[in-house]
Amino acid sequence: MTTKHDLALYQGLEGEALVASLSRDYGNRLALVSSFGAESVVLLHMAACVDQAIPVIFLDTGKHFWQTGYYRAKIADLLGLKDVRVVKPEPRDVALVDPLGDLSATDPDACCDIRKMRPLQRALDGFDAVLSGRKRYHGDGRDRLADVSIDGDGRVKGEPLAAYDAHAIANYLKRHDLPPHPLVEQGYFLIGCADCTQRGGSADNPRAGRWAGHDKTECGIHTSADGRLVRNQRDGV
Ligand code: SF4
């Protein structure tokens, strides 16, 4: 990727203002990656307010709760999203690496690799900027998250919700009357693949329900090419 990026253009921007600026500068080379999980609708709503045609990439690992598929369709319809791309793993990868479908229990990194990382790399080919919904309050290394950074593949990565906490998320949902993921009322705080998501988590420990019993805290789609968390531009590291 050879595109030159000027991150100073986005200094001090967050939320919808950051989405709007990246959309203005990158046009159809900007994509949004969404899990359609518990908090996802906030960023999706911001994107739809800017441009309903921003491509939205959903990684369909084949391991999601059925309720997530239902919710994805409902939110896409409600917000008028025009370009939701459901991206699946290569059947050949799954057949070769996880023929029994139980890899998430024994080697979740390898499972995320074939079901998330490789499909996302293919899906983002041709995009120069990407939006994600990570937040500093989630911890697990996200507390130093930059609002805008360059990812391991040389793309601009915008994090419009980096400064949002559980209270700000709840306020946004209420203000815009946005429907929650159906599993929220069943006690799920964050929602990913069913194999790796348990009930639980809270505003104080939001990621407690993800990959319980494993050291794993990230699926890998937010790490740089050399395996580190994307560095915080503010920290100058
Ligand atoms: S989150 Fe779990 S089930 Fe989903 S791809 Fe990663 S290891 Fe596999």
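Begin with the shell around the ligand, whose residues divide into six nonpolar, one polar and five charged; bear in mind while selecting them that this is a predicted model. Of the 12 residues in that shell, the ones to label are Pro108, Cys111, Cys112, Cys193 and Cys196, which come nearest to the ligand. If you then colour by secondary structure, helix H6, residues 108-123, stands out as the source of the largest share of the shell, namely five residues.

Next, select helix H1, residues 15-26, together with helix H2, residues 40-50, and look at how the two pack, with their axes 9 Å apart and at an angle of about 50°. The two helices are therefore oblique to each other, and the crossing in which H1 passes H2 is right-handed. To see the contact itself, show the side chains of Gly15, Glu16, Val19, Ala20 and Ser23 on H1, and those of Leu43, Met46, Ala47, Cys49 and Val50 on H2. By character, the residues of this contact divide into seven nonpolar, two polar and one charged.

Finally, move to His5, which is placed in the segment before H1. Setting aside neighbours within four places in sequence, His5 is in contact with Tyr26, Asp128, Ile150, Gly154, Arg155 and Val156. Two of these are worth a distance label: the side chain of Tyr26 makes a polar contact with the side chain of His5 at 2.6 Å, while the backbone oxygen of Gly154 lies 2.9 Å from a polar atom of the His5 side chain. As a last selection, take the C-alpha atoms of His5 and Arg155, which are 150 residues apart along the chain and separated by 8.3 Å.

Technical notes: Residues are numbered from 1 along each chain as its sequence is written. This is a predicted model: local features need pLDDT of at least 70, side-chain atom pairs count only at pLDDT 80 or more; totals for chains, interfaces and linings use all residues. Side-chain values use heavy atoms; hydrogens and water are left out. Axes are lines fitted to C-alpha atoms, for helices over the stretch in contact, and angles run from 0 to 180 degrees between N-to-C directions. Helices (H or I, at least four residues) and strands (E, at least two) are DSSP runs, numbered from the N terminus. Angles under 35 degrees count as roughly parallel, over 145 as roughly antiparallel, 65 to 115 as roughly perpendicular and the rest as oblique. A crossing is left-handed if the near helix is turned anticlockwise from the far one by less than a right angle, and right-handed if clockwise. Contact means heavy atoms within 4.5 Å. Ala, Val, Leu, Ile, Met, Phe, Trp, Tyr, Cys and Pro count as nonpolar, Asp, Glu, Lys and Arg as charged, and the others, Gly among them, as polar. A residue is near a molecule or strand if one of its heavy atoms lies within 4 Å of it. A polar contact is a pair of N or O atoms within 3.5 Å; within protein, one must be able to donate a hydrogen and the other to accept it, and residues adjacent in sequence count only if both atoms are side-chain atoms.
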